[in-house]
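Hi everyone, thanks for making time this morning. Let me put the sequence and the structure up on the screen, and then we can walk through the fold together.

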Amino acid sequence: QINAFKKKFDVDSVLKKLKDNNIYVIGRIVCFKDPFLAVRKPELAVKRPGGQLWRENGVVPWVNPYNEETWKYNIDIAKEAVEKGFDEIQFDYVRFPTPIYKSDIKYNTDVPKTDAINGFLKLADKELFEGLGVKVSADVFGIICESAGDTEDIGQNIETIGMDIDYISP
């Protein structure tokens, strides 16, 4: 619907070559650092207190990890990748952005960020692993391995982020 596809190579032929050589194929999907979706559907974007798009370093907008429509969007992309033949889906940027000043971003909820991230991963696992038999993994900030709780305020907590998926990659 938003023409968020840019062809860089023939995915089907590359997948065939990998499969013909018994190579396990992991599809990486960047979730919430998605400037394309944020610009095309600003209602899904992270906002500043005045309602305009928040942009990382003044340039890159993100989509809101609280918004379950962004969850569905990413899971739908993952399902399409599975249909093409990917063996596993690894979600990257499965976190909240880190503004210089917390007051630069306004979320209209008091739900803990970790609940949003874990909720997304739980739903992804349900639809991909339980539904299609495909393993689900997430790329996480390595610093969370030595932090107590979500001290970076990104919604990633080492004790809970991997509860509903197969692997994490710090």
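Let me start with a question: which handedness does the β-α-β unit made by β4, α4 and β5 have? It is right-handed: the unit goes from β4 through α4 to β5. Please keep in mind that what you see is a predicted model. The average pLDDT of the protein is 95, and 100% of the residues score at least 70. Among the elements, β4 has the highest mean pLDDT, at 98, while strand β2, residues 55-56, has the lowest, at 95.

Now the sheet itself. It is an open sheet of 4 strands, in the order β1-β4-β5-β6, and the pairing is parallel. At the edges sit β1, residues 26-30, and β6, residues 167-169, and each of them pairs on one side only. From one strand to the next the twist averages 25°.

If you go through the sheet pair by pair, you can follow along on the screen. β1 and β4 pair in the parallel sense over 5 bridges, and you can find the register by looking for Ile26, which stands opposite Glu88 in β4. Moving on, β4 and β5 run parallel and are joined by 4 bridges. Here a handy landmark is Gln90, opposite Ser137 in β5. Then β5, residues 135-139, pairs with β6 in the parallel sense over 3 bridges, with Ala138 standing opposite Ile168 in β6.

Let me stay with β4 for a moment. How many of the residues of β4 are buried? The count is 5 of the 5, so this strand is largely enclosed by the rest of the structure. As a reminder, in a regular strand the side chains alternate between the two faces of the sheet. In β4, Glu88, Gln90 and Asp92 point one way, Ile89 and Phe91 point the other way, and all are buried.

What lies across these strands? Helix α3, residues 68-84, lies across β1 and β4, and runs at about 150° to β4. Helix α4, residues 113-132, lies across β4 and β5, again at about 150°, this time to β5.

Next, a few residues you may want to click on. Lys113 is found in helix α4. Is Lys113 buried or exposed? With a relative accessible area of 14%, Lys113 counts as buried, because the cut-off for buried is under 20%. Leaving aside neighbours within four places in sequence, Lys113 is in contact with Tyr66, Phe96, Tyr107, Asp150, Asp153 and Gly155.

One of those contacts, Asp153, is worth a look for the backbone people. Asp153 lies in the loop between β5 and β6, and has a positive phi of about 60° although it is not a glycine. At 24% relative accessibility, Asp153 counts as partly exposed. There is a positive phi at Tyr93 too, near 50°, again in a residue other than glycine. You will find Tyr93 in the loop between β4 and α4, and it is partly exposed, with a relative accessible area of 25%.

Then there is Pro65, in the loop between β3, residues 60-61, and α3. Pro65 is buried, with a relative accessible area of 0%. Not counting residues up to four places away in sequence, Pro65 touches Phe32, Val46, Thr70, Trp71, Arg95, Phe96, Ala116 and Ile117. The C-alpha atoms of Pro65 and Cys31 are separated by 8.5 Å, although these residues are 34 residues apart along the chain.

That brings me to the cysteines. How many disulfides does the structure hold? The answer is 0. Why is Cys31 not bonded to Cys145? The closest cysteine sulfur to that of Cys31 is in Cys145, and it is 18 Å away, so it is too far for a bond. The surroundings of the two can be stated as well: Cys31 counts as buried, at 0% relative accessibility, whereas Cys145 counts as partly exposed, at 43%.

To wrap up, the picture to take away is a parallel open sheet in the order β1-β4-β5-β6, with α3 across β1 and β4 and α4 across β4 and β5. Thanks for listening, and I am happy to rotate the view for anyone who would like another look.

Methods
Residues numbered from 1 in each chain as written. Predicted model: local features only at pLDDT ≥ 70, side-chain atom pairs only at ≥ 80, totals over all residues. Heavy atoms only, no water. Pairing = 2+ DSSP bridges. Helix = DSSP H or I, 4+ residues; strand = E, 2+ residues; numbered from the N terminus. Axes fitted to C-alpha atoms, helices over the stretch in contact; angles between N-to-C directions. Contact = heavy atoms within 4.5 Å. Buried < 20%, exposed > 50% of the residue type's maximum accessible area, 1.4 Å probe, protein only. Right-handed = clockwise from strand over helix to strand, strands pointing away. Disulfide = S-S within 2.5 Å. pLDDT = per-residue confidence, 0-100.
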